[in-house]
Amino acid sequence: MNYIRHTISIILVFVYGFGFSQEENSKTYTIDEIVQLALENNQKLKVSKKSVDIAKQQTEVYKQLQLPNLSVGATAMYLGDIEILDTDFSKLQTVDMPHFGNNFSIQAQQLLYKGNAINNTIKVGNLQEELANLSLENDEIGIKSLVISNYLNLYKLYNQKQVFQENIKLAQRRIDNVTSFYNQGMVTRNEVIRGDLLLASLNQAIVTIDNNILILNNQLVIALGLPANTKIIPDEETLKLNPALQNIETYQDEVATNHPLIRTMDTQKELAETSLNITKADKLPILAGFAGYNMQRPLTNSFPINDVYFNSWQVGVSLTYNIESLYKNKAKESLNKLKVEQVTEAKTLTQQNLQVATQAAYLKYNEAVSQKTTYLESKRLAEENYKIIEKKYLNQLALITEMLDASNSKLEAELQYVNSEINILQAYYNVLKTVGTL
């Protein structure tokens, strides 16, 4: 018995401990808070930030090309005696050699001129760094848009759940009334069944909403880098943000000049032009300065051979010209020019697409604002209609089908209105995303 009690105690401790570790941690977050968390913790942005770091380091590597090339060498060797042979390879004599030899040398070279190729190479690194930063900026806009959209959709689901719960209460009240009428023989069993079916449908809708809430919550938790057991509750003050847009011309001008994608196109064009300049530099001569020092032992170019150190040094300039560049670089230059033209056309296409998207987003925002007024009126009319039909039904002047139609119309109108304010926020943030200022 003691063994059994001990085993049961261990199981209970494990079960309760596990349950406690999985307990949900509910917390209310504002839009600004989730955006800041996304910028700090999102895994995709961490990868993008590493790309920026890599680009910066690559620029530092390119800058090393400005430094002189310097090499130091040292050798030690065993020298054998020299065998002197006749022209018919018969041995004439053996010359004794100092058996220990060594050599020490220092060589330095500095590029003086190569058609500004090194500076242009460093410029390529700077431009690639700028492209990485622009890519990060664009990724940040995308991530902010994603988490805001999921956050507002989560808000919608909580609103929908509340509406369904209120309609479930009304449906249950109707079922009670119908059941009372049925017990009095005033209605048929068919009307009770219809009410039960509607209630079951509403309860199933709650289950679907709860599942969608869980899915969106998990997506947000991962995107924000929060603990897995976090339950995100949207802030009710969100609907008080009351955003307003400027005129469409302001956004059209903004997107045409300042969107990260447009600035990316400008940078890519400058990068292609710089690559073209580097290609052209290959047709220019290369001027370099050099210096060297050498210390060698023994002195082998004298006879007899002396076991002494022979020191020498040199300093000068070298001029080289790659003749093959005259006929090989033409195709490379043509390729680089085509890349410049391609980026120019790509920028025009990007501007057109962004301006079309901006206009569409702006129209959708105005549509969302207009819909709020329409949905408010629809909600008022649906509620008024529901009350009228309910009174008729309770007085046996309306059928259950009319009651169910009025209930469905009321539910749909309430759902449309409760999410209309959130639709305005979503449309507003979509405009900012499209313009590139989110």
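User: Hey, how many salt bridges does the count come to here?

Analyst: The count comes to 14 salt bridges. Keep in mind that this is a predicted model.

User: Okay, and what is the idea behind a salt bridge?

Analyst: Side chains of opposite charge can pair when their charged atoms come close.

User: Can you walk me through one? Which residue does Glu60 form a salt bridge with?

Analyst: Glu60 pairs with Lys63, and their closest N and O atoms are 3.6 Å apart.

User: How far apart are those two along helix 3?

Analyst: Glu60 and Lys63 are 3 residues apart in helix 3, which covers residues 43-63, so about one helical turn separates them.

User: And are they buried, partly exposed or exposed?

Analyst: Glu60 has a relative accessible area of 35%, so this residue is partly exposed. Lys63 also counts as partly exposed, because its relative accessibility is 34%.

User: Nice. What about Glu383, which partner does that one have?

Analyst: Glu383 forms a salt bridge with Lys379, and here the closest N and O atoms are 3.0 Å apart. Both residues lie in helix 8, 4 residues apart, which is about one turn of the helix.

User: How much of each is accessible?

Analyst: Glu383 has a relative accessible area of 24%, and Lys379 has 21%. Buried means under 20%, so Glu383 and Lys379 both count as partly exposed. There is also a network to look at: salt bridges with shared partners join Glu377, Arg380 and Glu384.

User: Let's try another pair. What does Glu270 pair with?

Analyst: Glu270 forms a salt bridge with Lys123, with the closest N and O atoms 3.5 Å apart. This pair links distant parts of the chain: Glu270 sits in helix 7 (residues 260-281) and Lys123 in helix 4, 147 residues apart.

User: And why do those two count as partly exposed?

Analyst: Glu270 counts as partly exposed because its relative accessibility is 32%. For Lys123 the value is 33%, so this residue is partly exposed too.

User: Switching topic: how many cavities of 30 Å³ or more are there?

Analyst: The structure holds 1 cavity of 30 Å³ or more. The largest cavity has a volume of about 30 Å³.

User: How does anyone find empty space like that?

Analyst: Rolling a probe the size of a water molecule over the atoms shows where empty space is left.

User: Which residues line the largest cavity?

Analyst: Its lining is made up of Arg174, Asn177, Glu390, Tyr393, Leu394 and Met403. Helix 4 (117-183) and helix 8 (325-394) are the elements that give two or more residues to this lining.

User: Which helix gives the largest share?

Analyst: That is helix 8, with 3 residues of the lining.

User: And how do the lining residues divide by type?

Analyst: The lining of the largest cavity has 3 nonpolar, 1 polar and 2 charged residues.

User: Last topic, the surface. Which residues form the nonpolar patch?

Analyst: Leu70, Val72, Phe104 and Ile106 form that patch, and together they have about 360 Å² of accessible area.

User: Which strands supply them?

Analyst: Strand 2 (69-78) and strand 5 (100-113) each supply at least two residues of the nonpolar patch.

User: Where does Leu70 lie, and is Leu70 buried or exposed?

Analyst: Leu70 lies in strand 2. With a relative accessible area of 62%, Leu70 is exposed, because the cut-off for exposed is over 50%.

Conventions:
Residues are numbered from 1 along each chain as its sequence is written. This is a predicted model: local features need pLDDT of at least 70, side-chain atom pairs count only at pLDDT 80 or more; totals for chains, interfaces and linings use all residues. Side-chain values use heavy atoms; hydrogens and water are left out. Patches are made of residues with over 30% relative accessible area and no salt bridge: like charges are joined within 9 Å, nonpolar side chains (Val, Leu, Ile, Met, Phe, Trp, Tyr) within 5 Å. Accessible areas come from the Shrake-Rupley method with a 1.4 Å probe; for residues, only the protein chains shown count as cover. A salt bridge is a side-chain nitrogen of Lys or Arg within 4 Å of a carboxyl oxygen of Asp or Glu. Buried means under 20% relative accessible area, exposed over 50%, partly exposed in between (1.4 Å probe, protein chains only). On a 1 Å grid over the protein atoms alone, a cavity is a set of points where a 1.4 Å probe fits but cannot get out, and a pocket is an open set with protein on both sides within 12 Å along at least five of seven lines; lining residues have an atom within 4 Å of a point. Grid points are joined across faces, edges and corners, and a volume is the space filled by probe spheres set on the points. Ala, Val, Leu, Ile, Met, Phe, Trp, Tyr, Cys and Pro count as nonpolar, Asp, Glu, Lys and Arg as charged, and the others, Gly among them, as polar.
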